[in-house]
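Thanks for sharing this one. Here are a few friendly notes to read alongside the model.

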Number of protein chains: 2
Amino acid sequence: MKAAIMGYGTIGSGVAKVLDTNRDIIKARLGEELELKYILDLRDFPGDPHEDCFVKDYKKIAQDEEVQIVVETMGGVEPAFTFVKEMLEAGKSVTTSNKALVADKGAELMEIADKHGVNFVFEAAVGGGIPIIRTLTACLTGDVIEEIDAICNGTTNYMLTNMEQFGSDYNEILAEAQALGYAEKDPTADVEGHDSCRKIAILTSLISGKTVDFNDIPTEGISKISSTDFKYAKEMGCSIKLVARSVKEGDTYSCRVAPFMIKPEQMLYHVAGVMNAVSVKGNMLGESMYYGAGAGALPTASAVVGDMVFLARNTNRQVKIGWEAEKLTLANPLEQRYRFFVRTSALQSNIENEFGNVEYASLDLDNETGFVTAEMSEAEFEERAAALGGIISVIRFY
Amino acid sequence: MKAAIMGYGTIGSGVAKVLDTNRDIIKARLGEELELKYILDLRDFPGDPHEDCFVKDYKKIAQDEEVQIVVETMGGVEPAFTFVKEMLEAGKSVTTSNKALVADKGAELMEIADKHGVNFVFEAAVGGGIPIIRTLTACLTGDVIEEIDAICNGTTNYMLTNMEQFGSDYNEILAEAQALGYAEKDPTADVEGHDSCRKIAILTSLISGKTVDFNDIPTEGISKISSTDFKYAKEMGCSIKLVARSVKEGDTYSCRVAPFMIKPEQMLYHVAGVMNAVSVKGNMLGESMYYGAGAGALPTASAVVGDMVFLARNTNRQVKIGWEAEKLTLANPLEQRYRFFVRTSALQSNIENEFGNVEYASLDLDNETGFVTAEMSEAEFEERAAALGGIISVIRFY
């Protein structure tokens, strides 16, 4: 069984390493060798153990009939989309770790795969090494999935965990995470929640069978979270986690990405550092959770190679995932109901005028009051908070 | 697609309920109806919604060519084995929730399935609703599995959680668990660890590809755990959990079922009540964990129905799991290395004579001392503990 890797960066070279390290057990599982024939990259890698495999023109891979499995680990939508499309059209099955590509073009690529009798899979695109995609599409198939709550971005979870542990402020921790390579130079995609948003869009597409446009999901990152917010959280026995949520509402889902106050009774509370976890509630199964390394070269490559084994076991057989191109109209996010933690410079009497009986979270800070509202809709909260004024920060309760 | 259920007890009737409740989504996933044609049970169920399906002779199912999928939820090795064997020989694929059957006859049934071009699967036999079997056999296929640590018995985890929370003693909690239906009248299989032992034997067979005899696994239950042990645990910042372990040693695995002292830094610490979790370490993936309801009619039935969907998607196609009948010789458990928590009536000077520098866990109890040894092998510990004498209890550190 011959394979090719497109993109020899962190994940792509990780895939080569997993194939090398675990060659014997993979061969035993498949009954044949899974052999790397090509690596596509514009750069040169002199001295690399796979030096002979490198090519600079993707058409060389597309035209080689021996290659049955192609790995896409380039990242970004283009040229990844063009390359993947051509591989599928050439009758090769593809696995990708590229969440931007899957969130943007997943249904389209699946349709192309379908037309050409091959498979397009993407276990590594969500949750890194956590096998959440196959869990949803091939395991929890007797259930209606009622809710998904995911800590699915390692950078922000690392940052929040450290802010909590060391009382540091956001900018301090961001600089540290960048120095350690846990955050990128331009951290926007992670810290503003865009990465988590794409991932929950993919998961929601998979459980609904239709396509969720990630632009429809209200998304808030962690860049406004301060050490003071964490002091309040501690006072209330909570942690703050960036959670990507999708909750079934009638025939559709209601989605949001935002920082949440979360209690130790919830398993997600205990997910620390760069680890990720996806909690899935089924109408028969109840709660379940899938936990592991959400990023990193080898854990992500482990998921890609798991996909390669899956593709090798399913050559000449199409495995339907049931994700259609038709757009899913999400439920109105303003109808989501939460309890809201609020910091405001407004007077206590005004707080009670607007929100009635609230729970105060007292830190004895000058010039501000922290409180938790009763459960209400987003729309109602927005209205009352605007009337109250002086809002410093708002964090929903999970 | 026609199916049959053998055994209409808690799980079997749960399977019927899942099929009824989620009929539409299952049909959408399969592209055809998954229809229950027979239910085998010696009892009568007048007024049951599936009243027309009941049969008392399993041969009626075996001989009906329309039936392609059979569910075995009778429990026990016989007559389940005879019935399942005949179904496979009649060309029907089978899923079972019966860990006793799988631990005892798994490889043999898989071989029979193989010979007759059908599939034999058993997702619900370990971890109830947690999809751990398919995770190991179809997801983490790029990894060498280096370690599995499982809280895989809901009864004992419920009991331990309550002993911890309320300071109750073992017998008190057992009576309560029995009254609530969380423990059976004869609780031996759960509380003495036999159930966990069979489950870790199955998981170790799956990751090694050979057959583990559960009789080879040293197994200790929770019946000797007292409220005093939990007081020591609290003093040391630990919880006590019944963990079923399997650790790769060279070409084989080293297994044990026992109560362990476990710290909050471990995710397993946070698995409370009747919930189960399986932690899996891969050589590329690192740590991952799968958490959910390990028992209960609907969660377990959810896994069975997931298997039915899998079988329906794979009629006329054999999915190899790679579990051979050949016996796996486990590593010598006396070579396992742990730190041991020990309570003894021996004098402190004798403790230090035998164990050198130890950490004391002081509860200021008359007539006993608690301490934690340095890491050492089981063999070495046994020798030193015998020399010390006066041992009240021993709990390994995870």
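Which residue of chain B comes closest to the rotation axis?

1. In chain B, that residue is B:Tyr290, whose C-alpha lies at 2.4 Å from the axis. The same surface serves both copies, as 100% of the contact residues of chain B recur in chain A (contact means heavy atoms within 4.5 Å).

2. A word on the basis: this is a predicted model, where local features need pLDDT of at least 70 and side-chain atom pairs count only at pLDDT 80 or more, while totals for chains, interfaces and linings use all residues. Residues are numbered from 1 along each chain as its sequence is written, chains are lettered from A in the order in which they are written, and side-chain values use heavy atoms, without hydrogens and water.

3. On the symmetry, a turn of 180° with a shift of 0.0 Å along the axis lays chain B on chain A with an RMSD of 0.0 Å (least squares on the C-alpha atoms of residues with pLDDT of at least 70 in both). The two copies are thus related as by a two-fold rotation axis.

4. An unreviewed UniProt entry places a "binding site" at A:Lys99; such annotations may be inferred rather than shown by experiment. A:Lys99 is in helix H5, residues 99-115 (helices are DSSP runs of H or I, at least four residues, numbered from the N terminus). A:Lys99 counts as partly exposed because its relative accessibility is 27% (partly exposed lies between buried, under 20%, and exposed, over 50%, with a 1.4 Å probe and protein chains only). Its contacts, leaving out residues up to four places away in sequence, include A:Asp195 and A:Arg198.

5. The unreviewed UniProt entry also places a "binding site" at A:Glu184, in the loop between helix H8 (170-179) and helix H9 (188-191). At 55% relative accessibility, A:Glu184 counts as exposed.

Terms used. Helices (H or I, at least four residues) and strands (E, at least two) are DSSP runs, numbered from the N terminus.
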